[in-house]
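Please open the structure in your viewer and follow the selections below in order.

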Amino acid sequence: MNLASLRVNGKRLQSSLEEMAKFGATPGGGVQRMALSEEDKKARDLFVMWLKELDLKITIDDMGNIFGSRPGKNRSLSPVMSGSHMDSQPKGGRFDGILGVMGTLEVLRTLHENNIETERPITIVDWTNEEGSRFAPAMVGSGVWTGALDRGWVYERTDIDSKRFEDELIRISYQGSVPAKKRPVHVYYEYHIEQGPILEKEGKTIGAPKGIVCLHWYDVYLHGEANQVGPTPMAGRHDALCAAAEMILKVNELPKRLGGNMVATVGEIQNYPNSRNIIPDRVHFTVDIRSWDDGLALKAWEIIRKDFDAIATRRGCPIKIEETWKVEHSPFDVNLVQRILVIGEQLGYSTLHMVSGAGHDASYINRICPTAMIFVPSISGRSHVEVENTKWEDCEAGANVLLQAILQSANEK
Ligand code: HGY
Ligand code: MN
Ligand code: MN
């Protein structure tokens, strides 16, 4: 068979994505499938069932990462690995993460039905808790697997309801017995929506990011003094929410102040006691700083830390900061990225070499083997929202590029 002419079944890919979108479906057309939730469990159970249909060897490790292994002719060779994540943001989209898992599944279904044997084994993977929204930080499944994060530390992370990561993993019956520990991998591909506006703006179908920016996450805790809003004079208040408000605007102004290619965001905040007639005395908020230039991101944090300290002192609101998580920027394997571009063009798709502003498990896997990603356009550049959308023909196009990239790598001796 001429493998270069092989293509995926786009309708089957669409139907798998539509099946998965039922788990955590929201009224606004998105999904809420938070890591280790009932919805995540249901998606995992269906995914495992589909893996069994392809006679794959299934391994679930003690971080809940799910692997499906397809043997190659030469079992001594390291596998080609491909996958992404199935957990979502709260009120997230139907394509983020799941497209990479279903896209890889579609590749394996195509190889299975055409009885194609590759030199190397192929492994599909669903990484646990890529989003980091319920349990911070992000990418903990791949982070522990690559040795970048400590499993014990992750197990103790708690969600907003003080539920422990490990307890939730046990509750959904996905705490496998195999230690989450890296093994040799030939190459890793991750297929994903772009989650930004560039491909659509440039009119391109396939994006090949040269890598992923650094991600730095911080948690800020402020303590003020609660009091009755009526009788308490404005002078002398220790209003934690006002201190936070000043700090949040400082975060927003950072990229302009520093110049260079950076984004800085406060996405999450809790305010206590959060009653309209009590002066807030406790606030927690998060800071997310990203840049291709790790040094610039660190410099930005040093600057804004000083601002935070000055505001906290002036307002009499003591501050506590957790430097929660850092992932360096990840430059992908140049040759593998080039392969994506060449395959895209050979299949007749327009391509674009770009950067990923979104974090992905590929950031960690890139530390242990040559890694590349395949992007397809996000309509109106929207993602992490219920209206997240990608054209079905673009989903099929990306999966075809993934199929050919996996075939080429899996037939390397
Ligand atoms: O934060 C990110 O970019 C990813 O969605 N975890
Ligand atoms: Mn994602
Ligand atoms: Mn995401």
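For the residue classes used on this tour, Ala, Val, Leu, Ile, Met, Phe, Trp, Tyr, Cys and Pro count as nonpolar, Asp, Glu, Lys and Arg as charged, and the others, Gly among them, as polar. This is a predicted model, in which local features need pLDDT of at least 70 and side-chain atom pairs pLDDT 80 or more, while totals for chains, interfaces and linings use all residues. Residues are numbered from 1 along each chain as its sequence is written, chains are lettered from A and ligands numbered from 1 in the order in which they are written, and side-chain values use heavy atoms, without hydrogens and water.

**Ligand 1**

Select ligand 1 first; around it are E130, E131, R290, A358, G359 and H384. This shell comprises one nonpolar, two polar and three charged residues. Next, display the side chains of E130, E131 and R290. An N or O atom of the E130 side chain is 3.0 Å from a nitrogen atom of ligand 1. For E131, the corresponding distance to an oxygen atom of the ligand is 2.9 Å, and for R290 an oxygen atom of the ligand is 2.7 Å away. Of the 210 Å² of accessible area that ligand 1 has on its own (Shrake-Rupley method, 1.4 Å probe), the protein covers 95%.

**The manganese ions**

Move to ligand 2, a manganese ion coordinated by H85 (NE2), D96 (OD) and H192 (NE2) at 2.1 to 2.3 Å. Donors are N, O and S atoms within 2.8 Å of the metal (3.2 Å for Na, K and Ca); water is not among the atoms, so sites may look incomplete. Add ligand 3, also a manganese ion, 3.4 Å from ligand 2; D96 coordinates both.

Methods
Near = heavy atom within 4 Å. Polar contact = N/O pair within 3.5 Å; in protein donor to acceptor, adjacent residues only side chain to side chain.
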